[in-house]
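Please load the model in your viewer and keep the selection panel open. The tour proceeds by selections, each followed by a note on what is found there.

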Amino acid sequence: MRTALPSASLFGCGVAACLAWRAGLYVTATLATLISVCIAASRSGGSPLPPPIANAKPSVPVADPEMPLLRAMLDQIPSPLVTLTQPGKLQAINRAARTLFDTDGRLKDPPQELIEAIRDGALGHRRTVKLAAAGGRAVSVSVATLFGPEGARVLAALTDVQAEIQTAEAAALRELLAVLGHEIMNALTPITSLAGSASALMEEGTPAGLVQVRDALEIIMRRAEGLDRFVQGYRALARVPAPILRPVRAGDVLREATALFDATWGRSGVTLEVVLPQTDVVAQMDAGLVGQALLNLLANAAEAALAGCPAPTVRLSASAYAGGVMFTVTDNGHGVDQSRQAEIFHPFTTSKSGGSGIGLSLTRQIANSHGGSLVLDQTENGPGATFVFKLP
């Protein structure tokens, strides 16, 4: 009875891993696999599992008669399993791994990126790498650390995620094409119709017809300019530069943003209230990109305030928080309708006539590139909207 419970657990985990994999539950299959290997390691004193050799007969008695059962169950798991036996040395411990790396056991020339991913996984950082042995396919590396009399060993399960990545990329491409198609067709349809009407009026040659031709050409010109702004906005989103991080004072960023705001909106009637941090707050950031992000938020806030209040006011502040620095932009406009709050950060989504719909999306990209965030913090109390731009 002493070994009955571990044996049942081992068998159950192996069966669960196989069934979960066939059902497409890859994370569950990986966890079941790691648990089964941990049970086996505890039963065998932590020694590595040697790969089976075809037509070979054991020269010594097998210490645990259930080890062949464990090998058989591991060989049924489609996910390749490898173990880091010593620095830079990988051992394939199931059929999928031996087939993937074309080896009977130890990998002669293990991929360095895989070793680094396994080491990172042991520290709690899960990674995805592309393996030349798998035809350049992406695999997710799940890691467990086993402890035994011989010390700690690291076990890794490699899950093929290429299909999931391709599915996500295809979905993103479809969404992008849908947006591009919608915007371009919205611009081209009236242009085509007006061009046809203008051509017909030109053939008539009447004074009234020539006036209509002039009006049609003016509309075509405006629509073409709108389409050009859309294309330029798309190019701007596609070419956001990587930030160059330097220590910058939050107060300096606010002062520069204030000067730019006054130059643009100084005669519009919008009052800008600036609240400098009480202490000298310094954070790692790209001052140029962060300044552009704040200017986008201030421009949106000014437009919202002008449209929603007889005394338009925008408030800009900065403060320290546990993780870094937080910039806040608030207006006293009508706020963001609840039905639109989920989509305002989507590219090319705007409720303003003539707007490009890239300001908030571009600003969020800048925040994300710094490892920060941009959120709408709108409550039901009071008018307007508040955007919070956080940097770590």
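Colour this predicted model by pLDDT. Confidence is lowest in helix H1 (residues 4–22), with a mean of 52, and highest in E12, at 94. The protein averages a pLDDT of 76, and 71% of the residues score at least 70. Select residues 1–8, where pLDDT stays under 50 and the model has 5 contacts beyond four places in sequence. Next select residues 44–62: here too the pLDDT is below 50, and the stretch has 24 contacts in the model beyond near neighbours in sequence. Where pLDDT is low, the predicted coordinates should not be read in detail.

Now show the whole protein as a cartoon, with its 10 helices and 12 strands. Buried residues make up 38% of the 392 residues. If a surface is displayed, its accessible area comes to about 21,900 Å², of which 57% belongs to carbon and sulfur atoms. Of the contacts with a separation of 6 or more, 58% are between residues 24 or more positions apart.

**The sheet**

Select E7, E9, E10, E12 and E11, which in that order form an open sheet of 5 strands with mixed pairing. At its edges are strand E7 (271–275) and strand E11 (373–376), each of which pairs on one side only. Neighbouring strands of the sheet are turned by 15 degrees against each other on average, direction ignored.

Restrict the selection to strand E9 (residues 313–321) and strand E10 (residues 324–331), which run antiparallel and are joined by 8 bridges. Centre on Leu316 to find its bridge partner in E10, Val329.

Which residues are in contact with Met326, leaving aside its neighbours within four places in sequence? Select Met326, which lies in strand E10, and display its surroundings: Ser317, Ala318, Ser319, Tyr321, Val388, Phe389 and Lys390 are in contact with Met326. A distance label from the C-alpha atom of Met326 to that of Leu391 should read 6.3 Å, although the two residues are 65 residues apart along the chain.

**Helices across the sheet**

Add helix H8 (residues 250–265), which lies across E7, E9 and E10 and runs at about 165 degrees to E9. Then add helix H10 (residues 359–369), lying across E11 and strand E12 (386–391), at about 140 degrees to E11. Within H10, show the side chains of the buried residues Leu360, Ser361, Leu362, Thr363, Ile366 and Ala367. Continue past the end of H10 to Gly371, whose phi is positive, near 80 degrees.

**The nonpolar cores**

Select Met285, Val314, Phe327, Phe387 and Phe389, the residues with the most contacts inside the largest nonpolar core, which has 40 residues. Two or more residues of this core come from each of H8, strand E8 (282–285), helix H9 (287–308), E9, E10, H10, E11 and E12. H9 gives the largest share, 9 residues.

Centre on Met285 and, leaving aside its neighbours within four places in sequence, show its contacts: Ile244, Leu245, Arg246, Val248, Val253, Val290, Val325, Phe327, His370 and Leu391. Finally, move to a second, separate core of 19 residues, selecting among its members Leu90, Leu107, Val129 and Ala134.

Note on methods
Residues are numbered from 1 along each chain as its sequence is written. Side-chain values use heavy atoms; hydrogens and water are left out. Two strands pair if DSSP finds at least two bridges between them. Helices (H or I, at least four residues) and strands (E, at least two) are DSSP runs, numbered from the N terminus. Axes are lines fitted to C-alpha atoms, for helices over the stretch in contact, and angles run from 0 to 180 degrees between N-to-C directions. Contact means heavy atoms within 4.5 Å. A nonpolar core is a set of buried Ala, Val, Leu, Ile, Met, Phe, Trp, Tyr and Cys residues joined through side-chain atoms within 4.5 Å. Buried means under 20% relative accessible area, exposed over 50%, partly exposed in between (1.4 Å probe, protein chains only). Accessible areas come from the Shrake-Rupley method with a 1.4 Å probe; for residues, only the protein chains shown count as cover. pLDDT is the predictor's confidence in each residue, from 0 to 100.
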